[in-house]
Amino acid sequence: MASSLLRTLIPFDIYGGMKLTGKYFGKVLLQSNRGTKRTHIVVEYPETPVTLMPRYRGRLQMIKDEQGEIKCVCCLACEKICPTQVITIEKGKKEGRKTPYPTRYDFEMERCIFCEFCVESCGFDSIILNHQFELAAYNREDFSHGTEGVFQNMYDLTPVGHYSVASEE
Ligand code: SF4
Ligand code: SF4
């Protein structure tokens, strides 16, 4: 009780943030060659690749197993948990496959809030939020991935533009 009151009265978090800002500000200010050399505080994207944090949440992507088969078994957990209801799955069958096969896996990205609930709810590690961050498009239709019959877009995604992924620390 006393400690929470103390935290409310004294803004430790603001102090921590200001301290960090001051540290980097001072570092730049004291650089001897700052007049001749460009000092990089921000990434000069797109010329410079962006380093993303491992937990960055980008576009929803389906995952294949070692045999190249879609891992999703249509349990519908992700569809049910999605707060913005952007996932629509149709359960089907595929020859030679024992588990259900998604004949449709629609993902309407324009309404996705990147909460990652879908990924967390999946007990089969079938989906991820990948590191694609260039998600702008000119047409509304371009935000819909995995429309019926062409949901392969969901797992054959290739990175757009330059980007790199930060290693786990
Ligand atoms: S990240 Fe959240 S909003 Fe986006 S599809 Fe998954 S559950 Fe839905
Ligand atoms: S939770 Fe996973 S296995 Fe279940 S429908 Fe979604 S992607 Fe498929």
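**Close-up 1. The surroundings of ligand 1 in the predicted model**. Of the 13 residues around ligand 1, those that come nearest are Cys82, Cys112, Cys115, Phe117 and Cys118. Sorted by class, this shell holds eleven nonpolar residues, together with one polar and one charged residue.

**Close-up 2. The surroundings of ligand 2**. Ligand 2 is surrounded by 13 residues, among which Cys72, Cys75, Ala77, Cys78 and Cys122 are the closest. The shell around ligand 2 is made up of eleven nonpolar and two polar residues, and no charged residue belongs to it.

**Close-up 3. The largest nonpolar core of the protein chain**. This core comprises 15 residues, and within it Ile87 and Cys118 have the most contacts. Two or more residues are given to the core by each of strand S2 (60-62), strand S3 (87-92) and strand S4 (101-108).

**Close-up 4. The contacts of Ile87**. When residues up to four places away in sequence are left out of account, Ile87 touches Cys78, Glu79 and Cys82, as well as Asp106, Phe107 and Cys118. Of these partners, Cys82 and Cys118 are also among the residues that come nearest to ligand 1, while Cys78 is one of the closest to ligand 2.

**Close-up 5. The fold in which these sites are set**. The protein chain contains four helices and seven strands, which follow one another along the sequence in the pattern α-α-β-β-α-β-β-α-β-β-β. Of its 169 residues, 15% count as buried. Among contacts between residues at least 6 apart in sequence, 70% join residues that are at least 24 apart.

Key: Residues numbered from 1 in each chain as written. Chains lettered and ligands numbered in written order. Predicted model: local features only at pLDDT ≥ 70, side-chain atom pairs only at ≥ 80, totals over all residues. Near = placed C-beta within 6 Å. Nonpolar A, V, L, I, M, F, W, Y, C, P; charged D, E, K, R; others polar. Buried ≥ 20, exposed ≤ 12 C-beta atoms within 10 Å, placed from the backbone. Contact = placed C-beta atoms within 7 Å. Core = buried A, V, L, I, M, F, W, Y, C linked by C-beta atoms within 7 Å.
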